[in-house]
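Q: Could you take me on a close look at one part of this model, the sheet, and show me how the rest is arranged around it? I would enjoy one connected account.

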Amino acid sequence: MTRAENSDGDTTDFGFRTVAVKKKQDLVRNVFDSVASRYDLMNDLMSGGLHRLWKRDFVAALRPTSDKALLDVAGGTGDIAFLWGNKGGGPAIVCDISAEMLMVGRDRAIDRAKLRGIDWVCSNAEQLPLPDRSMDVVTIAFGLRNVTDKLAVLTEMRRILKSGGKFQCLEFGAVSVPLLGKLYDRYSFSMLPKLGAVVGRDRESYQYLVESIRTFPPQPVCAAMMRDAGFAQVSWRDMTGGVVALYSGWRI
């Protein structure tokens, strides 16, 4: 249940828990501050490396060019921004609520000698510190499910897009293959928290991340939210049997 779907607006989801709206932002920040140093390793282990293929496909669909500027919301450790630059994209801004995640991203940029072309901004996705119609492309990858007010975030991301600008979202979806869905559920709830405890040293945070996938709206509902936020020509494409979905929309 999203805040927009809640009847009184005072509570929202935090995984399978119901919490006060005003508390979710801090809870989410604490999760990502806690897992930041091992986040990339855990992504590789949890997805078997598939997250790298999903992100490459995601960035390729943006068709990066040097004259386009990118904002990646909930960009954390910089995966999307690095791929964007490697594919010939222009300047990028990585925005995340977690300063610890951004620190890991900046360290990765230094290690890769990417000292120019990426700015790192710590901010709440519901109040992006950018002017109206200032970006060519806005993305969010595996971050929309963690925000408090999804419709507000989508509306805010549309606000800063230029006319003709593209929005893309990569997020976990409702699995469309029954057998795969059963295996995925078993793996998610039995193995991922254990991996989080052993490798990530934080079972509770990874339990939340698994639960947040299940509470995120299915593909048609997410697409409808994008339309409600004002995006045009909204579509999505399932990947890996609907384990994830690539959404796109435009500011016309």
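A: Happily! Let's start where strand 7 meets strand 9: these two run antiparallel and are joined by seven bridges. One of the residues to look for here is C169, whose bridge partner in strand 9 is Y247. Please keep in mind throughout that this is a predicted model.

Strand 9 has strand 8 as a partner too, again in an antiparallel arrangement, this time through six bridges. Here S235 stands opposite S248 of strand 9. Strand 8 and strand 9 form a hairpin, with four residues between them, and T240 in that turn has a positive phi of about 50°. As for burial, six of the seven residues of strand 9 are buried, so strand 9 is largely enclosed by the rest of the structure.

The loop between strand 8 and strand 9 deserves a pause, since G241 is found there. With a relative accessible area of 25%, G241 is partly exposed. Beyond its neighbours within four places in sequence, G241 is in contact with V175, S176, V177 and L180. For a sense of scale, the C-alpha atoms of G241 and P91 are separated by 33 Å, and these two residues are 150 apart along the chain.

Now step back to the whole sheet. Seven strands form an open sheet with mixed pairing, in the order 5-4-3-6-7-9-8. Strand 5 (118-122) and strand 8 (232-239) stand at the edges, and each has a single partner strand, so one side of each is left without a neighbour in the sheet. From one strand to the next, the twist averages 15°.

Moving along to strand 3 and strand 4, you will find them paired in the parallel sense over four bridges. Within this pairing, D72 has V94 of strand 4 as its bridge partner.

Two helices lie across this part of the sheet. Helix 4 (residues 79-86) lies across strand 3, strand 4, strand 5 and strand 6, and runs at about 160° to strand 3. Its buried residues are D79, I80, A81, F82 and W84. Just after helix 4 comes G88, which takes a positive phi of about 100°. Helix 5 (residues 99-111) lies across strand 4 and strand 5, running at about 165° to strand 5.

What holds the nonpolar side chains together in this picture? In soluble globular proteins, nonpolar side chains tend to be buried together. Here the largest nonpolar core has 30 residues, and the members that touch the most others are L71, V138, L144, L154, M157 and F167. At least two residues of this core come from each of strand 3 (70-73), strand 4 (92-96), strand 6 (135-141), helix 6 (150-159), strand 7 (161-172), helix 10 (219-228) and strand 9 (244-250). Helix 10 gives the most to this core, with four residues. Apart from this core lies another, of 26 residues, among them V94, L102, I118 and A141. V94 is worth a second glance, since this residue is also the bridge partner of D72.

L144 is a good residue to select in your viewer. Leaving aside its neighbours within four places in sequence, L144 is in contact with K150, V153, L154, C169, E171, F216 and C222. C169, in that list, is the residue paired with Y247 of strand 9.

To finish, turn to two helix pairs. The axes of helix 7 (residues 178-190) and helix 9 (residues 203-215) come within 9 Å and cross at roughly 150°. Helix 7 and helix 9 are therefore roughly antiparallel to each other. In their contact, Y184, D185, S188 and F189 of helix 7 meet Q207, V210, E211, I213 and R214 of helix 9. By class, the residues of this contact divide into four nonpolar, two polar and three charged.

The other pair is helix 2 (residues 39-47) with helix 3 (residues 50-60), which pack at an angle of about 100° with their axes 7 Å apart. That angle makes helix 2 roughly perpendicular to helix 3. D40, N43, D44 and S47 of helix 2 make the contact with L50, H51, R52, W54 and K55 of helix 3. This contact of helix 2 with helix 3 has two nonpolar, three polar and four charged residues.

How values were computed. Residues are numbered from 1 along each chain as its sequence is written. This is a predicted model: local features need pLDDT of at least 70, side-chain atom pairs count only at pLDDT 80 or more; totals for chains, interfaces and linings use all residues. Side-chain values use heavy atoms; hydrogens and water are left out. Axes are lines fitted to C-alpha atoms, for helices over the stretch in contact, and angles run from 0 to 180 degrees between N-to-C directions. Angles under 35 degrees count as roughly parallel, over 145 as roughly antiparallel, 65 to 115 as roughly perpendicular and the rest as oblique. Contact means heavy atoms within 4.5 Å. Ala, Val, Leu, Ile, Met, Phe, Trp, Tyr, Cys and Pro count as nonpolar, Asp, Glu, Lys and Arg as charged, and the others, Gly among them, as polar. A nonpolar core is a set of buried Ala, Val, Leu, Ile, Met, Phe, Trp, Tyr and Cys residues joined through side-chain atoms within 4.5 Å. Buried means under 20% relative accessible area, exposed over 50%, partly exposed in between (1.4 Å probe, protein chains only). Two strands pair if DSSP finds at least two bridges between them.
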